[in-house]
Amino acid sequence: MTSAPLASSAATKVPTRPRAFQRCVNAACRAEYPVDQVLISCPNCHELLDVAYEWPRASIPTFDLFDQRSLTRGTRHAAGSMHATDSALDFSGVWRFRDLFPFFRDPRQIVTIGEGRTNLQHAEPLGRTVGLDTASGGALYLQYEGFNPSGSFKDNGMSAGFTHARMVGARRVACASTGNTSASLAMYASLAGVQAYVFIGDGRIAFGKLSQALEYGAITLQVAGDFDACLARVREIAETMPQAGVYLMNSVNPFRLEGQKSIMLRVLEGLDWQAPDWIVVPGGNLGNCSAFAKVFLELHALGLINKIPRLAVIQAKGSRTLDRIVNDLGVSWTPRHELASLRTSGPVVAPDLSGTYDIARVKAEYARMDAANERAKTVATAIEINRPVNLSKALRALHAMNGVVRSVDDHCIIEHKALVGRMGFGCEPASAASVAGARVLIKEGVIRPHETVACILTGHVLKDPDCTVEYHTGVSSKSGKSARVPGAPRGDVHIPLGCLANRPIPVIDDLHAILRAMGVDAG
Ligand code: F0G
């Protein structure tokens, strides 16, 4: 799978279509590879790859174009079809922004099932609860990615990953997963007619997600080990055994992240193309935050936005690798080009987002974690990850978006999950880390009460029903025993444990008893 890097293109004649290629994020390498080469990391230096573009100035889209696409009419074909129609592409909350990730050769080959039709909800009471001053302009928005076809944000990236897989003729796709990636991969694979393999850690997957992978027909391997072990194994197969022909769909795949850029485009769209002050997102493998910063850098280079929001990445206390690397060890990103110099005046806009960081420090930290046998553990199983694969891109994101990292404990996550649910729609535990983290940052004075904050709710409330039922009933669905730990530590912000618990009320089958239990006085 290795090949010599392409020579950097010095365009003499201005092309009419954007040029897309892969480029290593390491400023000391910056090797370039063709877009249809299947790579997991840079063959030259093993760092991550970006999908990079050279946009001729004449082909830079406008926000008006995206607005107009909501009016496109005509027949819609879903995934599996080789003839995606304009109406199907414009219906998708990912592909209606396709000009901002033009890596595909033929738009008819795009794999879409109508993903990304998610909404930005103004959550005023919740905003007040977490400490925003709504009277002075403070506003909390919730970006509900749980409304995607498989119930999580992963579909944004998966449709882009599958589009690339189709471009290169992949017949087998695989991923390691804490659950949502596997559900999304299995759904797209069954619709696109390719064989799916999912590697999941032993016992650390919420049932809603496992049930999806099984139902959609993926070959599901429950590997004795955690997520990191699964990822190492599936990566080994995809990277070193080309004869197996396995295309890797984890977020280390740069094409997947191109689709996840659309989440930010919808946040902007939901605010009439005005950036909020803050984007708050849970961090696991750190693909989302990486994709978010990339699109803001690109939009800025293209001259489409002037303001880049600040980023808060929220981890679980039991899974805080990025938090430790950034806040305890002080590792940060040094870009090759600062923001202002990405915006050029030439006929082609070609942002180079490469940079460097102290990789030796990170390797030493991983060695320390291994020696201490430190393993991630959190109720938010979706983000229970030791070694986030997108670490370098996440460091870039923190630099580009003047970002911060925090972690919140499991009690805090679960209380905020209940709070989000009480305000409507709901989310899974990992998603609620964003709201919990926003509250912590408001309390610290980092997010100011008059600011606008968009929290990304990454997964649907039905993904982890056991967790929800345990919270409300106080009884473990697995053991039938009390699920509350007496005297357990409170969350980072002081909310009594189980304060929103909404227990089912046992009642005999008698009209008056039922009315009494309903609190209804029927005379
Ligand atoms: N929220 C949910 C619901 C997730 O499923 C994940 C990741 C994240 C947040 C973290 O996102 O990796 O971009 O930082 N889930 C992956 C999976 C790891 O396998 O489903 P990230």
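This passage describes the overall build of a predicted model of one protein chain, followed by its salt bridges, one strand residue and one helix.

The protein chain contains 17 helices and 16 strands. Its radius of gyration is 23 Å, close to the 24 Å that the globule rule gives for 523 residues, so the chain is as compact as a globular protein of that length. Taken along the principal axes, the box filled by the C-alpha atoms has dimensions of roughly 85 × 55 × 50 Å. Of the 523 residues, 58% are buried, and the accessible surface of the chain comes to about 20800 Å², with 53% of this area belonging to carbon and sulfur atoms. When contacts with a separation of 6 or more are considered, 73% of them are accounted for by residues 24 or more positions apart.

The charges of the chain were examined next. There are 55 positive and 49 negative charges, and the mean positions of these two groups are 2 Å apart. Side chains of opposite charge can pair when their charged atoms come close. In the model, the count of salt bridges comes to 34. One of these joins R19 to E32, with the closest N and O atoms 3.4 Å apart. The two partners are 13 residues apart and belong to distant parts of the chain, R19 being in strand β1 (residues 19–24) and E32 in strand β2 (residues 32–34). The partners also differ in their exposure, since R19 is partly exposed, with a relative accessible area of 24%, whereas E32 is buried, with a relative accessible area of 5%. Both residues take part in a network of salt bridges that links R19, R23, E32 and E54.

A further salt bridge is formed between E428 and K209, whose closest N and O atoms are 2.7 Å apart. E428 lies in the loop between α14 (410–422) and α15 (429–444), while K209 lies in helix α6 (residues 207–215), so this pair ties together parts that are 219 residues apart in sequence. Both E428 and K209 are buried. In the salt bridge between R375 and D370, the closest N and O atoms are 4.0 Å apart. Here R375 is partly exposed, with a relative accessible area of 40%, and D370 is likewise partly exposed, with a relative accessible area of 42%.

Attention then turned to a single proline. P335 is found in strand β12 (residues 334–335), and P335 is buried because its relative accessible area is 18%, which falls under the 20% cut-off. Leaving aside neighbours within four places in sequence, P335 is in contact with S354, G355 and H399. By contrast, the C-alpha atoms of P335 and S177, residues that are 158 positions apart along the chain, are separated by 31 Å.

The last element considered is helix α10 (residues 321–328), which is mostly covered, as 6 of its 8 residues are buried. The buried residues of α10 are T321, L322, D323, R324, I325 and V326. These buried residues pack against β11 (310–316), α12 (359–371), α13 (391–400) and β15 (404–408), so that both helices and strands are among the packing partners of α10. Just after α10, G330 takes a positive phi of about 70°.

Note on methods
Residues numbered from 1 in each chain as written. Predicted model: local features only at pLDDT ≥ 70, side-chain atom pairs only at ≥ 80, totals over all residues. Heavy atoms only, no water. Helix = DSSP H or I, 4+ residues; strand = E, 2+ residues; numbered from the N terminus. Rg over C-alpha atoms; globule rule 2.2 N^0.38 Å. Buried < 20%, exposed > 50% of the residue type's maximum accessible area, 1.4 Å probe, protein only. Contact = heavy atoms within 4.5 Å. Areas by Shrake-Rupley, 256 points an atom, 1.4 Å probe, with all protein chains shown as cover. Lys, Arg positive; Asp, Glu negative; His and termini not counted. Charge placed at Lys NZ, Arg CZ, Asp CG, Glu CD. Salt bridge = Lys/Arg side-chain N within 4 Å of Asp/Glu carboxyl O.
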